[in-house]
Every structure is written in C-alpha cells, then in structure tokens.
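Colleague: Please take a close look at one part of this model for me. I would like the pocket and the helix packing that goes with it.

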Amino acid sequence: MRDEPLNLVISGSGGQGNVLAAQWVGEALIRAGRRITVGDTYGLSQRGGSVMSHIRVSKERRYGPLIPEGRAHVILGLEPVETLRVLIAYGNRSVVTLTNTRPVYPQGVIAGENEYPSEERLLSALNELSERTYWVPATEIARGLGDPIMANVVMIGALWGSGVLPAEPSTISAVLEDRLPASKLEANRRAFDTGFQWAVDSKG
C-alpha cells in the first residue's frame, strides 16, 4: 500500500446497496490478510438520503473508524453528486475517484425547485479535484447484464480493476460465493468481471 492506513470512502444514496458494498469490500480485504475498520453514516437513507461508509485498511493495526477530512485515498461513489460532495470533504490532490454516472434525483430536483448539475459540470469538477477519475456507466452495464440493481457490484469490480486495493480479485470472488444464493451468483460474478475489465481498459 502507498499509505498506512489506506482510506476508502464508499458513498451513495439510500437503496443503492452502499452498506452492502462496504461489507463485501471489507470482508475481501480481511481475507487478503489486512486489518480493517468500517464506519457508516446515514442520512434519510430510506428516502434516498446520503449514505457513506468509511473503510480504513492497514497491514498490522486497527485505526479509528472515521477518516479525517481531506485524508481519503480512494472514493467510490454510487451516485455522482454524492460522490462530488464526499470528494470535496474528504478528497485531496492524490485521491482516486470512481463514480457511477447514473444520477438519483432528490425531491427538490424532481419538484423543479433545484437544478441537478450537468454531466459535463460534474465530470469537470471530479477531474479537477482528483488525481484520477473513473466515470463508470455502472447502471447501464448492470442493466445490460439483466438487472440494474447489480450496479454496486459493477462498481466493486471497477474498484478492483483500478488497482488501488491491496487484494487480488479472488478475494472478492470468494465473498460473493459465500454471501449470495446460487441463483444470483453467476450474474453477480459477471457484473464484477465486467466492471473490473471496464476499469482495466480505462487505465489504458
């Protein structure tokens, strides 16, 4: 790892599978022989509010569960505006940012009271604030694989494909095998593999 601890934030809106993604990533890192701590924060998650998980990864010791502001190394977002919000608070010039491109519109936007930023503005801001940005069409990829609910697994695949984690893909594959029923395992493996390859190809 380039730093100790490695600080990862996973963010999204309620119902996107943020907490489940953090649990699976954390378990995979434990299987890779790392020590981790996980801290979750919730807004009005069942109404589409903000959800954020902090994962701190170490070789030998456990750190406090909350990452200090400005000290994240990796930000994985399931919703682009939530990703930007977390990036502003926890990012720095060396952070790697991955986000799903699919927006989840808050009530104010749906009601016409607020404006949701354009894709161009969001991507420009993410690029400006990050060392490297992955703009991942995870929901569209998951829909093409049969179920948009697997977007979080596509994003986990992209996270591994970016090369920022100290764990082999086999660790998360083992987690999926243990945590998913047989009827859903193969589809989720395809989602992970597709996200992984998307990130590998994006690195050039």
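Modeller: What follows covers the pocket, then two helix pairs. Keep in mind that this is a predicted model.

Start with the largest pocket. Its volume is about 450 Å³. The lining takes in 22 residues. Nearest the centre of the pocket lie P148, I149, M150, A151 and N152. By class, the lining holds 12 nonpolar, seven polar and three charged residues. Three helices each give at least two residues to this lining: α1 (18-31), α6 (151-161) and α8 (182-202).

Two of these lining helices, α1 and α6, also pack against each other. Their axes are 10 Å apart, and the packing angle is about 35 degrees. The crossing of α1 and α6 is right-handed. On the α1 side, the contact uses A21, W24, V25 and A28. On the α6 side, the partners are V153, I156, L159 and W160. This contact has eight nonpolar residues, with no polar and no charged ones.

Now the other pair, α2 (residues 80-90) and α4 (residues 119-129). The axes of α2 and α4 come within 10 Å and cross at roughly 30 degrees. Angles under 35 degrees count as roughly parallel, so α2 and α4 are roughly parallel to each other. Their crossing is left-handed. From α2, the residues in contact are P80, V81, T83, L84, L87 and I88. They meet L122, A125, L126 and L129 of α4. By class, the contact of α2 with α4 has nine nonpolar residues, one polar and no charged.

Definitions and conventions: Residues are numbered from 1 along each chain as its sequence is written. This is a predicted model: local features need pLDDT of at least 70, side-chain atom pairs count only at pLDDT 80 or more; totals for chains, interfaces and linings use all residues. Side-chain values use heavy atoms; hydrogens and water are left out. Axes are lines fitted to C-alpha atoms, for helices over the stretch in contact, and angles run from 0 to 180 degrees between N-to-C directions. Helices (H or I, at least four residues) and strands (E, at least two) are DSSP runs, numbered from the N terminus. Angles under 35 degrees count as roughly parallel, over 145 as roughly antiparallel, 65 to 115 as roughly perpendicular and the rest as oblique. A crossing is left-handed if the near helix is turned anticlockwise from the far one by less than a right angle, and right-handed if clockwise. Contact means heavy atoms within 4.5 Å. Ala, Val, Leu, Ile, Met, Phe, Trp, Tyr, Cys and Pro count as nonpolar, Asp, Glu, Lys and Arg as charged, and the others, Gly among them, as polar. On a 1 Å grid over the protein atoms alone, a cavity is a set of points where a 1.4 Å probe fits but cannot get out, and a pocket is an open set with protein on both sides within 12 Å along at least five of seven lines; lining residues have an atom within 4 Å of a point. Grid points are joined across faces, edges and corners, and a volume is the space filled by probe spheres set on the points.
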